[in-house]
Amino acid sequence: MESNEFIDNLISKMTVEQKAAQMLQVPVSVVGMEEARKWARLGAGSFLNVLGSDMEELSRISCEESDLKIPVIFGIDAVHGHCLNPDATIFPSQLAMACSWNRKLLEKVAQVTAAEVATEGIQWTFSPILCLARDSRWGRTDETFGEDKYLAGELGAAMVKGYQGDDLSGDCSIASCAKHYIGYGESSGARDSYDTEITMRKIREQFLPPFRKATEAGCATVMISYGSIDGTPMTINKTALKDVLRDELKFDGFTVTDWDTVNYLITRQMVCRDHSDASRLAALAGNDMIMSSLEFYEAVIGEVREGRLDESVLDEAVRHILTVKYRLGLWDSPLKKGIPGSIGCSAHHEAALEAARQSVVLLKNDGFLPINLKRKIRKIAVIGPNADDIRAQYGDWTYFTHPVPGIEKEPRRPYVTLLEGVRDRLEGTGIEVTYSYGCSVNRRYYYKGNYPGIPEFMAMCYADNDHDAETYKELPFINEAVSAARGADLIILALGDNYDQTGEYNDRADLNLSGMQEALVRMLGTLHIPMITVLIASKPLTIPKVVQKSDAVICAFNGGMFSGQAIAEVIFGDINPSGRLPISFPVMTGQNPVYYDQLPGWHDGRYVDCPKNPLFAFGEGLSYTWYDYSDLKFDVKTKTLSVNVTNKGGMSGVETVQVYVHDEVSSVIKPVKTLCGFTRVELDAGQSRTVSVKLDDEAFETVLPDGTRVIEPGMFEIMAGHSSKDEDLIKVTVEL
Ligand code: BGC
């Protein structure tokens, strides 16, 4: 039977109660299994974050004991791998993987994740995240592809393809979810869920493009954000949900609210008096599935019965949900089949290692890297709180941070921390590797042990720190680290943040290294031993002093299960680093926002007490070779650029050719430059290649105040090069 006919037929048999139930997504972790069974019998449309036998039981109840036997769709936050399952493959965070600027890699990662999620039976992941992180104080920066709409759109669309495959009904295809719609990352003060003061024009220019790309790639679902825009909660923003998402973007899947947001209309945003109001407005605005606000069920039934809400509103929502379920093939196979035995299999681990390698960004190298083991090295000291902490390496959204009932939180092998990666790499070389913890990332957690008293000279060094008991406890750790490093030929120092400083509820007002980490750097600096600093963190931190004191700096963000191995491979030159930053690093917290595509101002754009430029710019990243750009041409007819790229060094490498456009004159102020294309090119030492990049019309468009997109005729600068920095780009000017 055709999908439409099948679904119309089904809807015609549904009561108002069954329609309301179909719109519900029940949080099993909150209500427990007993209540979840009840909802399954009533015909609830979905459950979230439930695994194993509980999930199988709920599926069976829906298919066998509910009146209409409509299969359930299970949703899960598999956002960098199927990470709530401790046996699954854990990839780098989205931000880390964005450093690869590699569409194919992201597609592959999503494919592997889909296979693992599907093998568990689950049919839907709440990924990819398409919010932009333009102020890294935001706690969810790690979940994004960084600060740029074009990069986010390209990588997001690649993930959608990877999750969904060619056919959603495939055994290993799962529905993806573009989230959080829209403008969520732009909240005031980078405080999660606060109001966003942006206009619909700005939304169309900056924040909508990634969602457009995801929709064009066939993304089956969209999650509506917690936030609000100019005082209107997204949950009731009919213009954004209907006029823009459905009519303009032609989105044809179903929408899902974020967690409990229908209740938040009453309790937090205070725009509704009661559940009846909140449920009616949420349904009218275009929310198809309601996550977690179970009061919606009774309330929306009441609204229909009492004539305040037309039943056709529920029909439309249910039609969207059932259509996706149909496309997923749930009536043939209510749970996905996946590939038995594939969860955490060696091929998937290989993909995680490759993702980790491509996520590594070399930010500074005073010619010190790669370490040549033929030189006389006898001892390497690996120091720092994040050198041997798998939780810091994993970051947010794993079985540690979001445990599912019944799943234990203990770290599960295999994984490789940086310390382990260095030790494995040096095995058999006779080089001694010493390790010391150094200090806590975050004072809430302490390394347990007995330490001698704090030396007087150290206490003096930190006269500017709070001399509380906790600070003193940290000093022995630093003391121990300095002793461990003494006499080493090289220090590898791993600093950063930990998972309790990232994610929801964890925005930061201060992006400096927390705890005593800077003191640790200063003390190690007194030894005058070459030092490689590795940043294992969820986001850009303000590290100018650390950069100054280090001979080399590597950024790995949260690199997943094999990040330690990947970083060691970079340090010892087994691979040539190719990562590029998808987000700028501010010099100091107050320099935020520091994203590259700012609108021009005329007061020089700098604070009196801070340099103008970021510490590291969008697109930046070194390798063990360097590239020369020449002969830039742009064919106006085909909108295709060509440029000659030469590997000038002695090692083969991968260069990411970045293309930016600047509109010389436009009727509204536009960014100083906008990324409009990129491609990765592999070049042997000395090799040259002509690289072509075709630009979309969007590269030249202006979004007018009324929201229309037009190409205003005139001159455009087309720039190509190694990063967003002016000195890294060559340009031509063309007329369109
Ligand atoms: C987050 C979403 C997530 C949902 C379900 C919410 O708190 O904002 O990103 O998908 O929870 O776990």
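Select the ligand and the residues around it, where a residue counts as near if one of its heavy atoms lies within 4 Å. There are 14 residues around the ligand, and those that come nearest are Asp 77, Arg 140, His 180, Tyr 226 and Asp 258. The model is a predicted one, in which local features need pLDDT of at least 70, side-chain atom pairs count only at pLDDT 80 or more, and totals for chains, interfaces and linings use all residues. Residues are numbered from 1 along each chain as its sequence is written, and side-chain values use heavy atoms, with hydrogens and water left out.

Colour the shell by residue type. It divides into 7 nonpolar, 2 polar and 5 charged residues. Here Ala, Val, Leu, Ile, Met, Phe, Trp, Tyr, Cys and Pro count as nonpolar, Asp, Glu, Lys and Arg as charged, and the others, Gly among them, as polar.

Next, display the distances from the ligand to three side chains. An N or O atom in the side chain of Arg 140 is 2.7 Å from an oxygen atom of the ligand. For Lys 179, the corresponding distance to a ligand oxygen atom is 2.8 Å. A polar side-chain atom of His 180 lies 2.7 Å from an oxygen atom of the ligand. Taken alone, the ligand exposes 310 Å², of which the protein buries 95%; accessible areas come from the Shrake-Rupley method with a 1.4 Å probe.

Remain at His 180, which is found in strand 5 (residues 177-181); strands (E, at least two residues) and helices (H or I, at least four) are DSSP runs, numbered from the N terminus. The peptide bond from Lys 179 to His 180 is cis, with omega near -5 degrees. Most peptide bonds are trans, and most residues other than glycine have a negative phi.

Now select Ser 193, in the loop between strand 5 and strand 6 (195-196). Ser 193 is not a glycine, although its phi is positive, at about 75 degrees. With a relative accessible area of 34%, Ser 193 is partly exposed; buried means under 20%, exposed over 50%, and partly exposed in between (1.4 Å probe, protein chains only).

Finally, select helix 14 (residues 346-359), which has 14 residues. Is this helix enclosed or not by the rest of the structure? Helix 14 is largely enclosed, because 10 of its 14 residues are buried. Among them are His 348, His 349, Leu 353 and Arg 357. The cover over the buried residues includes helix 6 (103-119) and strand 21 (674-683), where contact means heavy atoms within 4.5 Å.

Methods
Polar contact = N/O pair within 3.5 Å; in protein donor to acceptor, adjacent residues only side chain to side chain. Expected span 1.5 Å × (residues − 1).
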